[in-house]
Every structure is written in C-alpha cells, then in structure tokens.
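Please open the model in a viewer and keep the sequence panel in sight. The stops below are given in the order in which they may be selected.

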Amino acid sequence: MKPTRPQVAPMSCREAMAVLWDLLDDELDETMAVRVRAHIEICRGCRGHHDFSKAFLERLATARDADATPRELRERLLRLRDQIA
Ligand SMILES: [Zn+2]
C-alpha cells in the first residue's frame, strides 16, 4: 500500500536523516519539510540528531574552525552521527 497523501505519509528514520541537512539548510520543498518536521516531532532519536545538528550549525555560523572548511566539518559530523546512531 502506497500512501495517498504525501504530506502526511509516514517517514522512516533513514529517510528523515537523509534529508536532515537539507532541512536545516532550508533547501527542502514545503511538503518534504513538513514531513521531516512531523517525523522529528514524534521520533526522539531523530529529534536528538536534529537538535544536535542544528546547534552545531549555529555554532559553526558564529565560530569558524580555522583548520577546516564547513564542508569538512559537515562530513566529520556526519561520520560522528553514524557512530552514535
Ligand atoms: Zn526517526
């Protein structure tokens, strides 16, 4: 059975986490953003990842790491996230 209403279709953790950065970067279309946010609200694990990543991005915006580009930092964080997932 396929979901008939995309805006309320349940999203798996894997799916939500795959687009987490896009959500934080404001690069998702509205339908997708709503679905991810809905998942984050009901899923404690993903909310933890979301809050952690958001805090990280906010810190990155205020205190740049002189030794690494934002992209490198992001990749490092993604690896870290995989370890704690
Ligand atoms: Zn989840």
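Select Gly45, which is found in helix H4. In this predicted model, Gly45 is partly exposed, because 13 other C-beta atoms lie within 10 Å, between the limits for exposed and buried. Now add Cys13 to the selection: its C-alpha atom is separated from that of Gly45 by 8.4 Å, although the two positions lie 32 residues apart along the chain as a sequence separation.

Remain on helix H4 and move along to Lys54, which lies in that helix as well. Lys54 is also partly exposed, with 13 other C-beta atoms within 10 Å. Its partner for a distance check is Asp25, 29 residues apart from Lys54 along the chain; the two C-alpha atoms are separated by 9.6 Å.

Next, display the whole chain as a cartoon. The secondary structure comes to 5 helices and 0 strands, and the elements run α-α-α-α-α from the N terminus on. Of the 85 residues in the protein, 11% are buried. Among contacts with a separation of 6 or more, 56% are between residues 24 or more positions apart.

Colour the cartoon by pLDDT. The average for the protein is 84, and 80% of the residues score at least 70. Which elements have the lowest and the highest mean pLDDT? Helix H5 (residues 70-84) has the lowest, at 78, whereas H1 has the highest, at 96.

Select helix H3 (30-42). This helix has 13 residues and reaches 19 Å from its first C-alpha to its last, close to the 18 Å expected at 1.5 Å a residue. Show the side chains of Arg35, Val36 and Ile40, which are buried in H3. Turn the view so as to look down the axis of H3: the buried residues fall within an arc of 135°, so they line one face of the helix. An α-helix has 3.6 residues a turn, so residues three or four places apart point the same way.

What covers the buried residues of H3? The covering elements include H1, helix H2 (20-24) and helix H4 (44-62). Then inspect the face of H3 turned away from its buried side, where the exposed residues Glu30, Thr31, Glu41 and Ile42 are carried.

One further residue of helix H3 to select is Arg37. Arg37 is partly exposed, with 14 other C-beta atoms within 10 Å. Its C-alpha atom and that of Leu20, 17 residues apart along the chain, are separated by 9.4 Å.

Leu20 leads to the next selection, the largest nonpolar core. This core has 7 residues: Met11, Ala16, Met17, Leu20, Val36, Ile40 and Cys46. Helix H1 (13-18) and helix H3 (30-42) are the elements that give two or more residues to it. In soluble globular proteins, nonpolar side chains tend to be buried together.

Centre the view on Ala16 within this core. Not counting residues up to four places away in sequence, Ala16 touches Met11, Val36, His39, Ile40 and Cys46. Val36 and Ile40, already selected on H3, are thus found again here as contacts of Ala16.

For the last stop, select Asp26, whose place is in the loop between H2 and H3. Is Asp26 buried or exposed? Asp26 is exposed, because 7 other C-beta atoms lie within 10 Å and a residue counts as exposed at 12 or fewer. Check its backbone torsions as well: phi of Asp26 is near 65°, a positive value in a residue other than glycine. Most residues other than glycine have a negative phi.

Terms used: Residues numbered from 1 in each chain as written. Core = buried A, V, L, I, M, F, W, Y, C linked by C-beta atoms within 7 Å. Buried ≥ 20, exposed ≤ 12 C-beta atoms within 10 Å, placed from the backbone. Helix = DSSP H or I, 4+ residues; strand = E, 2+ residues; numbered from the N terminus. Contact = placed C-beta atoms within 7 Å. Expected span 1.5 Å × (residues − 1). Arc of directions from axis to C-beta. pLDDT = per-residue confidence, 0-100.
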